[in-house]
Amino acid sequence: MEIWLAILLIVIALLIGAAAAYIILNFVLNSKVKGAEKSSKQIMREAEVKAERLKKNAEIDAKQTVFEMKQQAQNEIRQMKQEVQLQQNKLDAREDAIDSRDKALLQKETALDRKNDILTQKIEANEKKSEELEKKIDAIIVELEKVSGMSVKEAHDEIMKRVESKMSVEIATYIKNAEDEAKDTAEAKAKDLLALACDKYAQEVTTERTVAVIALPTDELKGRIIGREGRNIRVLESTLGVDLVIDDTPEVITISCFNPIRREIARRTLEALVKDGRIQPGRIEEMAAKFKEEVENDCQKAGIDAANKLGLPRINRDLLAVLGKLKYRTSYGQNVLQHSIEVGYLCGIMAAELGLDQNLARRAGLLHDVGKAIDFEQDGSHASLGAELARKSGEPEVVINSIEGHHGDVALKSVIAHLVVAADTLSAARPGSRSETLESYTKRITQLEEIAKGYDGVQQAYAMQAGREIRVMVVPEKVSDADAVRMAQQIREQIETTMTYPGQIKVSVIREYRANELAK
């Protein structure tokens with residue numbers, strides 16, 4: 001009984017504790033809920049305050065932005081009005097000029113009309129006189145026909161036949177006598193005749209190569225060269241001063257630039273970057289600076305080597321550095337520095353034959369095209385630019401005149417200057433010196449043979465030595481020795497007037513007569 005009473009008391013105590021715990025817990029929860037409500041209300045108030053502040057700031061920013069946009073729009077409108085006003089002023093000035101020109105043209109037109117009326121009257125008077133003269137001439141011709149017993153056409157044909165026969169022999173004889181006289185006096189006039197004759201073959205050189213091609217191991221490198229958002233290619237083009245052409249051509253990048261030095265620096269830089277694999281702005285600038293210095297050193301060395309090959313001492317080092325740049329310049333596929341060395345060598349040989357200063361002739365020949373190293377950077381022809389550069393470097397007046405006049409821009413003042421013109425032509429026109437398409441070569445050969453075969457009495461014609469000589473075989477029974485001389489002159493004149501060719505073309509008319517008899 002006591003046990004059950006104790007259990008009952010324990011149960012009652014547990015119920016009372018549970019009730020008390022429930023009451024305490026409920027009180028605590030209510031307190032926290034009330035505190036949370038207060039906190040939430042506080043947060044809401046603070047949020048409303050911040051929202052209101054943000055709203056006001058946004059309104060202020062919006063007003064400021066609108067104000068700035070209005071100011072910018074007003075400035076642009078003002079600038080546009082100024083530009084429109086300038087254009088209007090130009091148009092007004094042009095309109096005034098046109099009006100004055102119209103007035104002047106009207107005055108000229110009026111004067112021309114007056115002159116036209118006067119000329120018309122004179123023409124009418126001349127026509128009347130011509131009619132009267134024709135009537136008199138017809139009457140005289142009728143009388144002459146009666147006296148001579150020949151018609152006008154028959155008399156004309158007879159006179160022309162006699163004149164042509166006589167004049168052809170006289171012309172051929174005169175040409176042959178003139179050639180014989182020139183040969184007899186050649187030794188006394190060798191210098192002047194050689195200089196003036198060689199001077200006639202000068203030709204201008206203008207074509208240049210402006211691109212270089214870089215081979216890539218894979219097309220993936222194109223993306224790395226372009227870089228993220230084109231960063232690398234922009235740095236490459238701005239640093240090197242060239243245009244890079246990246247198209248669909250597999251494993252190839254093209255460098256385009258009129259400046260051959262920049263093109264060479266860009267070529268070396270890109271080849272080194274492709275080989276190294278590290279393509280980034282810092283590396284690009286580092287490699288570009290390195291190869292720029294390397295190319296400048298190569299130019300200096302090339303200029304010194306060129307002078308040493310010709311045995312020319314005491315040339316300004318800055319001038320030699322500019323001359324060395326021609327190592328990277330081409331003309332019709334011909335390297336300009338090699339061409340200049342060749343011209344200097346030829347000038348020295350001809351000067352030795354004529355008893356002139358060989359070193360001065362070689363110097364003029366070597367430096368004659370030095371202006372081509374800077375004509376893509378400065379305005380002016382390469383002849384004038386080269387002459388100015390030589391003048392600043394203290395070169396002799398003979399050298400300056402040879403540079404300035406080797407394309408006929410100014411008068412040549414010395415025999416050496418004429419030798420430079422001749423050597424320049426020889427170096428440019430010799431077989432193999434310049435690239436030429438097969439089509440133009442074949443066309444020139446065919447045209448030469450067609451010109452020669454178009455003359456009466458020609459048996460066969462052959463173009464030889466890459467089109468630099470035409471040999472014409474004639475029928476001896478139809479063409480005399482005098483006719484052969486005259487035919488050679490006519491073929492030469494027709495070639496000069498109808499064809500375009502480098503250098504010179506030799507015309508040889510061959511007349512061979514064989515008398516054969518058989519002894520039995």
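**Salt bridges in the model**

Arg 391 is partly exposed, its relative accessible area coming to 40%. This is a predicted model, and in it Arg 391 pairs up with Glu 388 in a salt bridge, with 3.2 Å between the closest N and O atoms. Both residues sit in helix 11, which covers residues 382-392. They are three residues apart there, or about one turn of the helix. Glu 388 is partly exposed too, with a relative accessible area of 36%.

Next comes a pair from helix 6. Here the side chains of Glu 264 and Arg 268 meet in a salt bridge, at 2.8 Å from N to O. Helix 6 takes in residues 260-276, and because Glu 264 and Arg 268 are four residues apart in it, about one helical turn separates them. Glu 264 and Arg 268 are both buried. The pair doesn't stand by itself, either: a network of salt bridges links Glu 264 and Arg 268 with Arg 267, Glu 271, Glu 294 and Asp 298.

Then there is Asp 276, which forms a salt bridge with Arg 283; the closest N and O atoms of this pair lie 3.4 Å apart. Asp 276 has a relative accessible area of 32%, so it counts as partly exposed. Arg 283, on the other hand, has a relative accessible area of 15%, so it falls in the buried class, for which the cut-off is under 20%.

Put the whole model together, and the tally is 17 salt bridges. Among them are the pairs Arg 391 with Glu 388, Glu 264 with Arg 268, and Asp 276 with Arg 283.

Terms used. Residues numbered from 1 in each chain as written. Predicted model: local features only at pLDDT ≥ 70, side-chain atom pairs only at ≥ 80, totals over all residues. Heavy atoms only, no water. Salt bridge = Lys/Arg side-chain N within 4 Å of Asp/Glu carboxyl O. Helix = DSSP H or I, 4+ residues; strand = E, 2+ residues; numbered from the N terminus. Buried < 20%, exposed > 50% of the residue type's maximum accessible area, 1.4 Å probe, protein only.
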